[in-house]
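Visitor: I'd like to learn how to read the packing in a model like this one. Where should we begin?

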Amino acid sequence: ESKQEEIVIKDANPRDFDELLKKMYGASTEPFTVENAIRYMMMVDMFDLQIAREQVENWLLYTDLVSIHRKFLIAYHHNLKLLKNDIVHQFKEKAADHTNRAGYYRSFREFLEESPEWAEFPLSVRVPLLLGNPCDLLK
């Protein structure tokens, strides 16, 4: 491959891959969105791009454009430990503040299941969360 003029990258959109490389090197003008962050994470996993993983995870940590539910499901699916820890910490803090209040989630599982994004994620993501305690998934 190193002697080839062009390398074919299968299962990745060339424009997305180019934009991801630009993001890694600070040359991108395209803002992060939830849609491109998910596409980037698929390529990050496929090509083991640690710098890009950290950039996407940091954006997800600090953006208000993505719901906490979707953030957790993305973090779980792509093993983003900082993001998972942050979300579980937020949930535990809120749970402690709202103990026994009507309308508050009784469990983290219930919190996830009632999110509008829940049905959009594949069974490979949802089943382990249903079978175990999501807080234990941080280990």
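Guide: Let's start with the core, keeping in mind that this is a predicted model. The largest nonpolar core has 35 residues. Leu-60, Phe-72, Phe-108 and Leu-129 are those with the most contacts inside it.

Visitor: Which elements give two or more residues to this core?

Guide: Those are helices H1 (14-24), H2 (34-47), H3 (50-62), H4, H5 (81-97), H6 and H7. H2 gives the most, with six residues.

Visitor: Now zoom in on one helix. Which residues are buried in H7?

Guide: The general idea goes like this: an α-helix has 3.6 residues a turn, so residues three or four places apart point the same way. Here, H7 spans residues 123-131, and Val-125, Arg-126 and Leu-129 are its buried ones. Looking down the axis of H7, these buried residues fall within an arc of 90°, so they line one face of the helix.

Visitor: What covers that buried side, and what sits on the face turned away from it?

Guide: The cover includes helix H4 (68-78) and helix H6 (108-113). On the face turned away, H7 carries the exposed residues Leu-123, Ser-124 and Leu-131.

Visitor: What about the backbone? Where does Asp-48 lie?

Guide: Asp-48 is in the loop between H2 and H3. Its phi is positive, about 50°, although Asp-48 is not a glycine. Exposed means over 50% relative accessible area, so Asp-48, at 59%, counts as exposed.

Visitor: And Asn-79, what is its phi near?

Guide: Near 55°, again a positive value in a residue other than glycine. Asn-79 is in the loop between H4 and H5, and with a relative accessible area of 42% Asn-79 is partly exposed.

Definitions and conventions
Residues are numbered from 1 along each chain as its sequence is written. This is a predicted model: local features need pLDDT of at least 70, side-chain atom pairs count only at pLDDT 80 or more; totals for chains, interfaces and linings use all residues. Side-chain values use heavy atoms; hydrogens and water are left out. Buried means under 20% relative accessible area, exposed over 50%, partly exposed in between (1.4 Å probe, protein chains only). Helices (H or I, at least four residues) and strands (E, at least two) are DSSP runs, numbered from the N terminus. The arc is that of the directions from the helix axis to the C-beta atoms. Contact means heavy atoms within 4.5 Å. A nonpolar core is a set of buried Ala, Val, Leu, Ile, Met, Phe, Trp, Tyr and Cys residues joined through side-chain atoms within 4.5 Å.
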